[in-house]
Each structure stands twice: as structure tokens, then as C-alpha cells.
Amino acid sequence: MKMSSSSIFLKLRRYNKKNYKQLLFCTFFSIFLVTSFVCVLYSPVVQAGFPEGGDSLKMIMMIFALAVLGCLIFNIYAAGLFFRTKSRETGVFLALGMSKKRLKKELYKELCLSLGKGIISGIVLGVVAAVGILWILLHTFLTDILERRMFSAAGLGISLFFAAVTVLILFFMAARYMRRTNLMDILNEEKKNEPLQLVKKGYGIAGGIFLVVGLLFGYAGPQLTANLLKFQMPAIWNAVYLVAAVGIYMLFVFFIVYHKRGKQPQKYYHNLISNSMMKFQGRQTVRNMCILAFLTGAALYAGSYIPDKLVMFRTMADTPVDFNLIYRQTEQEIQKEDIEVMADEYGVTITDYQEVLFAELQTSGVERDWTDDGKLIEDYYETYAYGEFISASVYEQYTGTKVEVEPGTFAQIILPEQTENFWEKYTDMDLVTNQETGAQLNLKFAKTVEDRMFYRANVHRYILNDSDFQTITAQMTEQRQMKQIFFDVEESENVYDFAIELRKEYVRRAGKDMAVLNAYNEAEEDRAEAAGEPYHYRMTEPMDPEDPYLYHDWKFNPEIQPIQMKTYLHESGIMILTFLYVSCICLAAIGIIAYTRSVTIGVQNQKMFDDLRKLGAKNTYIMRCIKNQLRKIFVLPTAIGLFLILSFLMIIYIGNDKRIQSTEWMSFGCTVGFAVIICIYQLIVYRMSLKKLREILKL
Amino acid sequence: MLEVQNLHKSYVVGKDTYEVLKGVDFTIHKGEFVAVMGPSGSGKTTLLNCISCFIPYEKGKVLLNGKKLAQLKEEKMAEIRNQELGFVFQDFMLLDGLTVFENVCIPQVIEDAPYEKMEKKAKKLLKMFGIWEIADKYPAEISGGQKQRTAVARALMNDPLLILADEPTGNLDSRSSEAVIEAFLAAQRNLDATIFMVTHDSFSASYCDRVIVMKDGKIYKELIRTGDRRTFLDELLTELKIINGGDGDEDE
């Protein structure tokens with residue numbers, strides 16, 4: 001073959017094909033993950049499953065942003081390793097007189113080739129994977145969704161944008177790599193060390209304190225000042241979390257640099273060489289470990305949503321009644337006979353049908369808000385909201401539970417394990433008013449009663465002493481009586497269709513007074529009207545019986561378990577897949593970065609290992625040195641990343657209601673299980689890295 | 001041919017600046033085989049790297065056939081490295097993916113030279129240095145001495161004005177070292193090559209026509225070989241012993 005520079009470059013490319021393949025794989029993998037994810041997320045099918053402006057979508061976007069960052073980081077690392085392994089070749093060509101311009105052209109050509117292949121295959125296979133996922137979704141969770149369009153230009157656009165950013169960053173790195181003027185630096189790039197300065201024991205202790213203080217005060221600080229000092233911390237307080245980040249960095253520096261002979265001299269000498277090797281590449285190692293810890297945390301955090309959703313599903317499946325409808329007595333709503341007729345049509349058998357009346361009374365309460373300068377405002381209103389009341393005897397009649405309520409006191413119906421929160425205290429209510437008669441009754445909070453059947457999410461419900469109830473509700477008309485219908489059905493294949501039809505009929509018959517949003521408060525509307533201010537919690541559009549997502553905002557949404565379960569499955573199925581995906585992206589980034597770092601250790605220390613051999617070190621000793629270093633790279637960031645998120649979740653659980661609910665324990669247990677899976681994954685990557693190092697160092 | 005005038009070079013480490021070359025002056029003539037010796041840290045390798053413009057320097061001039069190397073533009077410097085300089089490194093710097101023959105050809109491949117002439121030249125050099133038999137082998141398959149002779153052959157591919165060698169025997173045993181030095185001598189003898197070699201090894205340096213001894217960033221002494229190699233070696237060892245305060249840590 002005629003020898004030319006092109007043929008030489010081609011031969012070198014073939015010889016170093018593993019480096020090119022590695023870069024190609026990383027580019028392909030990141031583009032594939034991002035493309036498939038955004039094509040699924042931005043698909044009209046999936047978008048229809050998310051409530052507009054809802055928290056779920058925001059949370060997914062936030063975690064997805066983290067994962068995209070993870071993808072970019074692992075591309076940067078892969079490119080860094082590629083340039084590093086190429087530096088010797090570049091240095092030799094420069095030393096032998098090849099112009100930088102020509103080398104640059106060659107490098108850009110090679111990058112174009114690798115990136116081009118990676119991007120095209122990543123986008124094509126990403127789209128194919130997205131189609132596969134959407135097909136599965138449409139045939140499992142989303143069988144009855146009206147929207148069937150799979151693609152949106154936005155998804156593909158974002159993936160192209162990500163590809164463009166990747167190309168830009170990698171070409172910027174290539175230009176910087178070629179701009180270097182010191183040829184000796186280029187030739188010795190593979191052996192380049194970045195040592196860290198020595199630190200004392202106090203540095204590590206300070207790092208630990210910073211981590212705990214940053215984490216604890218970042219979350220608990222605003223809660224403490226709000227509760228104790230009635231003062232809201234400004235948003236800048238979130239910067240306290242940075243103290244935790246600094247703490248993590250300091251801890252890593254400490255673990256890498258601090259080694260004293262101390263009380264265990266044997267151990268000190270045992271690890272002397274590997275510790276000193278790590279110290280000399282300390283800066284790169286610590287940077288890597290920080291990124292690994294951050295991505296491990298992100299992977300677990302994204303994964304922790306999955307058990308949360310599953311536990312919620314389990315709770316939903318465990319509702320005390322299958323059908324639960326509430327409306328004002330005066331509404332021309334669906335009645336027992338209508339339900340029975342409809343059930344007959346669908347061949348559904350109704351069991352345990354019951355109706356119960358609640359009296360609607362105005363309740364006093366406290367409106368809380370923060371001023372712009374962080375001070376708490378607490379305004380007491382005699383008619384703060386409308387609550388729904390039942391007498392103790394009627395309550396006992398329906399539930400079989402005897403609730404002792406002394407005259408002049410009340411019991412509030414809550415969910416199991418629910419506690420009061422900062423914005424609404426049980427003791428806020430001390431007066432009730434019959435709006436029709438003007439009668440008032442002073443009351444004192446006595447107790448809470450846990451009851452899932454009679455609990456309403458957006459209206460407070462209370463139990464009164466029988467005589468108090470009689471007195472305050474005397475002469476009350478149907479206008480202020482709320483009727484709750486609840487019943488079960490026997491299992492049959494038509495239950496879901498019956499439920500849908502019932503729900504549609506319920507929506508069709510709902511009057512305009514029922515067309516209000518969740519946050520609607522009649523008392524607040526009255527106040528706004530009196531003050532001549534607009535009030536925004538009435539629906540502006542007529543309610544659509546066909547709209548499956550009406551329940552997100554509707555105050556009178558009927559709780560129909562078969563529908564709720566299916567709708568929840570739609571949404572959470574998509575969300576679970578999304579969070580799982582984000583978690584996978586983070587894990588992929590972790591694997592690639594840790595693997596790359598491990599290989600770099602082998603490449604950089606190759607000469608040192610040869611020298612050790614000359615000094616009589618056996619392969620087992622060299623393996624020990626390697627394992628010792630690898631263990632730190634894998635174990636420390638994993639441990640700190642997992643610890644961070646697990647403790648953060650614990651702080652949130654406790655911060656919510658000052659205790660950990662049984663459902664939270666279940667979620668936490670599953671999250672710990674997921675943390676164990678991450679550890680196993682890291683173990684696999686560790687073993688793969690070790691195998692690769694054995695190959696490189698011929699051990 | 002090579003003139004080095006008042007060369008100064010410093011390294012900055014953190015807040016400290018270390019002056020490594022403190023005004024070095026010397027000249028090398030066509031066909032000379034010159035070695036630079038001196039204790040560790042005396043600035044030998046830095047001097048070589050400055051001459052080859054691998055690293056920048058603050059003050060002074062390096063003139064190759066009257067051309068100021070530091071003032072040359074990137075393209076021109078590449079041309080000089082390819083045509084007028086040849087490099088031999090301590091750790092060979094061969095490309096592992098290419099055979100011995102291909103490695104030797106690289107300098108002409110870079111300038112897109114006609115292959116017939118290139119192959120002929122490579123073959124001649126390989127034969128001259130006794131490595132023709134391993135022409136098709138890869139660097140991983142040959143010994144250190146063979147690797148370094150390949151590097152020497154590569155350095156001579158374009159008939160450079162000057163060969164710059166950085167500790168070319170540093171990684172070799174005595175037999176291989178001798179073979180490499182023989183290769184340099186053959187190049188000097190047959191091709192009228194000029195060689196500038198940085199070395200720690202007094203034995204290798206004893207083959208040179210002249211030895212520049214450096215200490216603390218300056219030229220301490222220049223020794224010119226007038227008699228036979230053995231006498232020159234003794235002379236070198238005595239001088240190095242004085243520099244090292246009688247420790248005599250230089251290798252023979």
C-alpha cells in the first residue's frame with residue numbers, strides 16, 4: 001500500500017479503534033438517551049397525561065435537566081480521555097514536523113466522523129426506542145386516551161439541540177487541546193499529575209460539619225424561623241445548601257490527602273503507595289468524586305419518586321368505599337333511583353348504599369401570609385370558610401364509632417396519621433355561624449378523628465356534640481345541606497363502564513354552583529365581592545363530561561375508585577417510566593465517569609507500576625494498589641451521594657409533619673432498596689473497570 | 001550551525017519562580033557530536049527543549065543556520081522540525097500502531113514525499129542500524145535498544161541539520177546503549193550528521209567530540225576530546241566527580 005499521511009492516520013485509527021469506539025459509544029448513548037426521553041416526554045400522548053403547569057411535570061423537567069447535565073458531563077469525560085490517549089500521537093507528529101493546522105484538520109475530521117455516527121445512530125435509535133415505549137404505553141396504561149399522536153417536533157428539536165451543544169462543547173475542547181503550545185506538555189499529557197495540598201485532621205472534621213449543617217439548616221432553617229420567630233427566610237437562604245456541597249468537597253479532599261502513620265502504622269504502610277498515587281492526581285480525583293456523588297444522589301432522588309407513587313397507588317386501592325359522591329341537597333343531581341337504573345343497565349350490583357347529610361356552617365379561621373420582607377401576617381376572620389358538620393350520634397350511626405364530644409367543643413375529621421400544618425391549625429376555628437339564621441356558637445378544639453370515608457380534601461369536616469348540632473343547625477334549609485352518597489359494587493367486567501357513565505351523568509347534572517375549582521372558598525368570594533375585587537376560583541368554561549382530567553381541579557369531583565385507579569395508573573405509569581429513565585441516565589453517566597477515571601488511573605500510573613515491578617513488586621501487590629484506589633473512587637462518592645439523599649428524604653418526611661408516617665416508612669424502605677441496587681450496579685462497574693485495568697497493565 | 005546565545009528560562013511553581021537556565025551560550029558546528037552533561041537539575045533537558053522550541057523561553061536566542069527559531073511562525077517551525085531537526089527521546093516515542101518501517105517513514109510521510117524514495121531511504125537507514133530484520137515488527141515486539149535505533153533512524157529520515165537527543169540511552173542496558181551510540185556514530189560518519197545529545201551517561205558521552213558540562217543553569221565547562229575514548233572518559237569522570245563534590249554519582 002502506498003504510504004501517505006492519510007493511510008498512516010487510518011492505520012493509527014484502526015490501531016486505536018477502542019478509543020474511537022469509546023467516544024462513539026458515549027456520544028451515541030447520550031444522544032440515544034436524551035432523544036428517546038424527550039420524544040416520549042414531548043409526545044402529545046404523554047403530555048395529555050400531565051396536568052398543565054402541574055408539579056409533576058416541573059419535577060420531571062428539573063430532574064431531567066440534571067440527567068442532561070449528567071449526559072453532557074460523561075461526554076466531556078469521554079472526550080477528555082480520548083484527547084488524553086491521543087496526546088502522545090499528536091506530540092510525536094508535532095515533534096516530527098507535522099503542522100498543527102494539518103493535525104487540527106485531521107482531528108476535526110475524526111471528531112466529525114465519530115460524532116456524526118454517534119449522533120445519527122443515537123437519534124435514529126432514540127426515535128425507534130421512543131416509538132416502542134409509546135406503543136407500549138398506548139397499549140397498556142393509555143388504552144382509552146383520546147390523544148393518539150405520538151410525535152411532536154419539540155421532542156426532536158430538543159434532541160437536535162442537545163446534539164448541537166455536545167458537538168460545540170467537544171469541538172471547543174478539541175480547539176483548546178490543539179491550541180496548547182508546550183509540546184512537552186502534550187507529549188506528557190498522559191502522565192500529567194495535579195497534586196492537592198496537604199490538609200490536617202481538622203479539615204476533614206470541618207468538612208463533615210459543613211455537610212451536616214448545610215443539609216440540616218438548608219431545609220430546617222426556614223421552618224424553624226417560621227415557627228419560632230414568625231419570620232420567613234429569604235430565598236437566598238437556599239444558598240446554605242452550598243455549604244453542604246463545600247463540605248462534600250472537603251471530605252473528599254480529606255479522604256484522598258490525609259494519611260498519617262498514627263496508631264495503625266501497619267495499615268499506613270500497607271496503603272502507602274496507593275495513597276500517594278491518589279494524592280498526586282488528587283485534584284482530578286476529587287473533581288470526579290464530587291460529580292459522581294452528585295449524580296449518584298440525582299439517580300436515587302429520581303428513583304425515590306417511584307416508591308412514592310406505588311405507595312400512593314396502594315393507598316388508593318385501599319379506599320373504604322368504591323363510589324363517593326357529594327353535592328348540595330338543592331342540586332338536581334343524580335339520585336339513588338338513577339344510580340340503581342344505571343347499574344341495572346350495566347349489570348352491576350350495588351351493595352352497602354348509604355346517604356348522609358352534613359350541615360354547612362361558616363367557620364372562623366386565620367389567614368396566614370408572608371409580607372415581602374419576610375414577616376408573618378395572621379388575620380383572624382369570624383367567617384373564614386365554610387365547613388361541613390355532623391352530629392356525634394349520626395356519625396356513630398354510619399361508622400359504628402362512638403366519638404365523645406363535649407358541648408362547646410368539636411372534633412375535626414382528618415386522614416389517618418395526618419397532622420396540622422403551618423398554614424392551618426386545628427385551634428384556628430373557635431366560632432361557627434349559621435349563615436341562614438345568623439346563630440353563632442363558640443367552640444373549642446377537642447380532638448381529631450381519623451376517618452378516610454368522611455374526610456374531604458378541600459373542605460374541613462367536623463363532629464359536634466348532638467345538642468350543639470341541633471342548636472346551630474335549627475331552621476337550616478336544604479340550601480346548606482350537603483349530601484354524601486357512598487356505596488360499593490360487586491366485581492364485574494362492566495364496573496368501569498358503569499363508573500364512567502355515572503361520572504358523566506354526575507357532571508352533566510351539576511349546576512353552576514358546583515362549577516368551582518378546588519381552591520374555591522365561598523366565604524372568601526363574599527369577602528372579595530364586598531371589597532370589589534375579582535374572584536378567580538369559579539370555572540369559566542362549562543364542565544365537559546368527556547374530560548378525563550376534570551378531577552384535577554374540580555371541588556365536587558366524585559371519588560370513584562375504579563376511575564381514580566385507572567387515571568392514576570395513566571399518570572403515574574408515565575411518571576414512573578420518566579423517573580426511571582432519568583435515574584437510568586444518571587446511572588449511565590456514573591458508570592462511564594467511574595470507568596473512565598479508573599482507566600485513567602491505569603494509563604497515568606503505568607510507568608509507576610513498571611517501576612514498582614523493578615523494585616520487586618508482585619502483580620498481587622500492584623493489584624492491591626489499584627483496588628485500593630478504585631475502591632475510594634467507587635465507594636466514597638456512592639456512600640456520600642446515597643447518604644445525602646436518604647438523609648434529605650428523612651428530613652423532608654420529618655419536616656412535613658414532625659413524624660414519619662407508615663406510608664413514608666414504606667417509601668423510604670423501597671428507596672433504601674433502590675440504593676442497594678445502585679450499590680450493586682457500582683459493584684458491576686467496579687469489576688468491569690478492574691478487568692480493563694488488568695488488561696491495560698497486563699496483570 | 002547551531003548558536004545558542006544568552007538563553008534564560010524559568011519555571012513558575014505556585015508563587016515561586018525557579019530560574020533553570022541562567023544565560024547559556026554555545027555553538028555547535030556541522031558534523032559535530034556534542035553531549036551535554038551535568039547533575040540533575042542543572043538544566044540539561046530544559047536546554048534541549050528550548051532549542052527545539054518544545055517549550056518557550058524568556059530571553060536569549062537560538063539560531064539554526066542563522067535562523068531565529070523562536071520567531072518562526074507555527075507552520076514554519078513545523079517545517080524546520082520536519083526538515084532540519086531530528087528528535088530522539090528517552091522513551092522512544094514510537095507510535096505503537098505502526099510497524100518499525102512505518103515509524104521510520106513518518107517524517108517523509110508528513111511531507112507527502114514520493115514513496116519509492118522514502119522506502120529506499122528507510123530501508124537504507126534500517127540496514128545501517130542493523131534493524132532491517134525487524135522492519136515489519138511493531139514496537140511492542142522489539143527490545144529497548146531496537147526501539148531507540150528505530151527512533152534514531154526516524155530522526156535521520158529527512159537528513160536533518162541537527163539531531164537532538166534527550167537521554168537516548170537512559171532507558172537502555174549497556175549493550176543496547178552501545179548499539180544506539182554506534183548508530184549515532186554511523187550517522188555522523190556516513191551521513192555527516194550533527195548530533196546534540198543530553199545524557200547522564202559518561203560512557204555514552206565519551207564517544208562525543210565535545211562535552212558541555214552544565215551546573216546550576218550555566219555552562220560550567222566544555223571538554224573537547226583530543227585523545228582516545230578511554231582517556232576522554234576518565235577526564236569526564238574526574239570532572240563530574242569535582243562537580244558532584246566527590247560523590248561520583250554519574251554512571252559509567
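**A walk through a predicted two-chain model**

In chain B, six strands form an open sheet in the order 6-7-8-3-9-10, and their pairing is mixed. At its edges stand strand 6 (85-88) and strand 10 (218-224) of chain B, each of which pairs on one side only. From one strand of this sheet to its neighbour the turn is 20 degrees on average, direction ignored. Please keep in mind, as you look around, that this is a predicted model.

Let us look at one pairing inside that sheet. Strand 3 (residues 33-37) and strand 8 (residues 195-198) of chain B run parallel and are joined by four bridges. If you would like a place to start tracing them, go to B:Phe33, whose bridge partner in strand 8 of chain B is B:Ile195. As a general reminder, strands of a sheet pair through backbone hydrogen bonds, either parallel or antiparallel.

Chain B also holds an open sheet of four strands, with the order 2-1-4-5 and antiparallel pairing. Strand 2 (16-28) and strand 5 (67-68) of chain B are its edges; each has a single partner strand, so one side of each is left without a neighbour in the sheet. Strand 5 of chain B is held to strand 4 (residues 59-64) of chain B by two bridges, and the two strands run antiparallel. Here the residue to find is B:Leu63, since its bridge partner in strand 5 of chain B is B:Lys68. Now look for the helix that goes with these strands: helix 1 (residues 44-51) of chain B lies across strand 1 (2-13), strand 2 and strand 4 of chain B. Its direction makes an angle of about 70 degrees with strand 2 of chain B.

Next, turn to the place where the two chains meet. Chain B brings 26 residues to the contact and chain A brings 24 residues. On the chain B side, helix 2 (74-83), helix 3 (100-110) and helix 4 (115-128) each supply at least two residues. Which of the helices of chain B gives the most to the side that touches chain A? That is helix 2 of chain B, with seven residues. By character, the residues on this side of chain B divide into 15 nonpolar, seven charged and four polar.

From the contact, move to the interior. The largest nonpolar core has 201 residues, and the residues with the most contacts inside it are A:Cys586, A:Ala589, A:Ile593, B:Val152 and B:Ile163. Helix 4 (residues 55-95) of chain A provides the largest share of this core, 18 residues. Domain 1 (1-192) and domain 2 (194-198 + 258-322 + 560-699) of chain A each give the core at least three residues. For a view from the chain B part of the core, center on B:Ile163: leaving aside neighbours within four places in sequence, its contacts include B:Gly86, B:Val88, B:Ala155 and B:Leu156. B:Ala193, B:Thr194, B:Ile195 and B:Phe196 are also in contact with B:Ile163. B:Ile195 is the residue we met above as the bridge partner of B:Phe33. Apart from this core lies another, of 44 residues, including A:Tyr327, A:Phe358, A:Val403 and A:Phe498.

Chain A as a whole contains 21 helices and ten strands. Of its 699 residues, 38% count as buried. Among contacts in chain A between residues at least 6 apart in sequence, 85% join residues at least 24 apart.

A pair of residues in chain A gives a local picture. A:Arg368 lies in strand 2 of chain A, and it counts as partly exposed, with 16 C-beta neighbours inside 10 Å. Its C-alpha is 8.3 Å from that of A:Glu424, although the two residues are 56 apart in sequence. Beyond its neighbours within four places in sequence, A:Arg368 is in contact with A:Leu376, A:Ile377, A:Glu378 and A:Trp423.

Finally, have a look at some backbone angles. Most residues other than glycine have a negative phi. A:Asp352, which is not a glycine, has a positive phi of about 50 degrees. A:Asp352 sits in strand 2 (residues 350-370) of chain A, and it is exposed, with 10 other C-beta atoms within 10 Å. In chain B, the phi of B:Asp159 is also positive, near 45 degrees. Where is B:Asp159 placed? You will find B:Asp159 in the loop between helix 5 (144-156) and strand 7 (162-166) of chain B. B:Asp159 has 14 C-beta neighbours inside 10 Å and so counts as partly exposed.

Note on methods:
Residues are numbered from 1 along each chain as its sequence is written. Chains are lettered from A and ligands numbered from 1 in the order in which they are written. This is a predicted model: local features need pLDDT of at least 70, side-chain atom pairs count only at pLDDT 80 or more; totals for chains, interfaces and linings use all residues. Two strands pair if DSSP finds at least two bridges between them. Two residues are in contact if their C-beta atoms, placed from the backbone, lie within 7 Å. Axes are lines fitted to C-alpha atoms, for helices over the stretch in contact, and angles run from 0 to 180 degrees between N-to-C directions. Ala, Val, Leu, Ile, Met, Phe, Trp, Tyr, Cys and Pro count as nonpolar, Asp, Glu, Lys and Arg as charged, and the others, Gly among them, as polar. A nonpolar core is a set of buried Ala, Val, Leu, Ile, Met, Phe, Trp, Tyr and Cys residues joined through C-beta atoms within 7 Å. A residue is buried if 20 or more other C-beta atoms lie within 10 Å of its own, exposed if 12 or fewer, and partly exposed in between; C-beta atoms are placed from the backbone. Domain bounds come from an automatic or database domain assignment.
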